[in-house]
Amino acid sequence: MTVFIKPATASKHRIGITASKKAIGNAVKRNRTKRLLRETFRLNKSELFNLAKNYDWVFNAKKSLLKVKVFEPLEEFRNILAKVKVSEQIKGEESSVNESK
């Protein structure tokens, strides 16, 4: 799974999912990957509220999602969330340093 993240102008996190016919296959397979990714996002709602900002999330589904259960994309998304939290902390520290100058 590939995830693109952009700070949101909306007051909540939003999700977008791409699952192309070329990358995934027929409609049944594409719908399954989209359901898996939506469920992954839903199960991490509490983690999303711990972020300092709201983001627009775009998930690009990969064919490998067809062979897994929800636990693997869930773990991968949690790793991505951890990286976003670290990034926010680093940027927060940079802005506090810039303000004190």
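## Overall layout

Among contacts in the chain between residues at least 6 apart in sequence, what percentage join residues at least 24 apart? The figure is 83%. Keep in mind that this is a predicted model.

The chain has three helices and three strands, and reading along the sequence gives the pattern β-β-α-α-β-α. Its C-alpha trace spans about 55 × 25 × 20 Å along the principal axes. There are 101 residues in the chain, and 31% of them count as buried.

## The nonpolar core

Let's start on the inside. In soluble globular proteins, nonpolar side chains tend to be buried together. Here the largest nonpolar core has 18 residues, and the members that touch the most other members are Leu48, Leu51, Trp57, Phe59 and Phe77. Helix H1 (27–43), strand E3 (55–60) and helix H3 (71–100) are the elements that give two or more residues to this core. H3 makes the largest share, with four residues.

Phe59 is a good one to click on. Leaving aside its neighbours within four places in sequence, Phe59 is in contact with a list of residues that starts at Met1, Thr2 and Val3. The list goes on through Ile15, Gly16, Ile17 and Thr18, then takes in Leu37, Phe41 and Phe77. That last partner, Phe77, is itself among the core members with the most contacts to other members.

## A buried asparagine

Asn44 sits in the loop between H1 and H2. Is Asn44 buried or exposed? Asn44 counts as buried, because its relative accessibility is 0%. Not counting residues up to four places away in sequence, Asn44 touches Leu74, Phe77, Arg78 and Leu81. So Phe77 turns up again here, as a contact of Asn44, and the cut-off for buried is under 20% relative accessible area.

## Salt bridges

Side chains of opposite charge can pair when their charged atoms come close. How many salt bridges does a search of the whole structure find? The search turns up three.

Take Arg14 and Asp56, whose closest N and O atoms are 2.8 Å apart. This pair links distant parts of the chain, with Arg14 in strand E2 (residues 14–18) and Asp56 in strand E3, 42 residues apart. The two ends differ in how they are classed: Arg14 counts as partly exposed at 40% relative accessibility, whereas Asp56 counts as buried at 17%.

Then there's Arg42 with Glu39, where the closest N and O atoms are 2.6 Å apart. Both residues belong to helix H1, and because they are three residues apart there, about one helical turn separates them. Arg42 counts as partly exposed at 48% relative accessibility, and Glu39 counts as partly exposed at 28%.

Glu47 and Lys85 also meet through their side chains, at 3.0 Å from N to O. Glu47 is in helix H2 (residues 45–49) and Lys85 is in helix H3, so this pair ties together parts that are 38 residues apart in sequence. Glu47 is partly exposed, with a relative accessible area of 29%, and Lys85 counts as partly exposed at 26% relative accessibility.

## The largest pocket

If you're looking for open space, the largest pocket holds about 180 Å³ of it. Its lining is made of 10 residues, and those nearest the centre are Lys53, Tyr55, Ser87, Glu88 and Lys91.

Which elements each supply at least two residues of the lining of the largest pocket? They are strand E1 (2–7) and H3. H3 provides the largest share, five residues. By type, the lining divides into five nonpolar, two polar and three charged residues. H3 thus has the largest share of this lining, and it has the largest share of the nonpolar core too.

## A lysine in the loop

One more stop: Lys63, in the loop between E3 and H3. Lys63 is partly exposed, with a relative accessible area of 47%. Not counting residues up to four places away in sequence, Lys63 touches Ala23 and Ile24. Lys63 and Ser20 are 43 residues apart along the chain, and their C-alpha atoms are separated by 9.8 Å.

Terms used: Residues numbered from 1 in each chain as written. Predicted model: local features only at pLDDT ≥ 70, side-chain atom pairs only at ≥ 80, totals over all residues. Heavy atoms only, no water. Core = buried A, V, L, I, M, F, W, Y, C linked by side-chain atoms within 4.5 Å. Buried < 20%, exposed > 50% of the residue type's maximum accessible area, 1.4 Å probe, protein only. Contact = heavy atoms within 4.5 Å. 1 Å grid on protein atoms, 1.4 Å probe; cavity = no way out; pocket = protein on both sides within 12 Å on 5 of 7 lines; lining within 4 Å. Points joined across faces, edges and corners; volume = space filled by probe spheres on them. Nonpolar A, V, L, I, M, F, W, Y, C, P; charged D, E, K, R; others polar. Salt bridge = Lys/Arg side-chain N within 4 Å of Asp/Glu carboxyl O.
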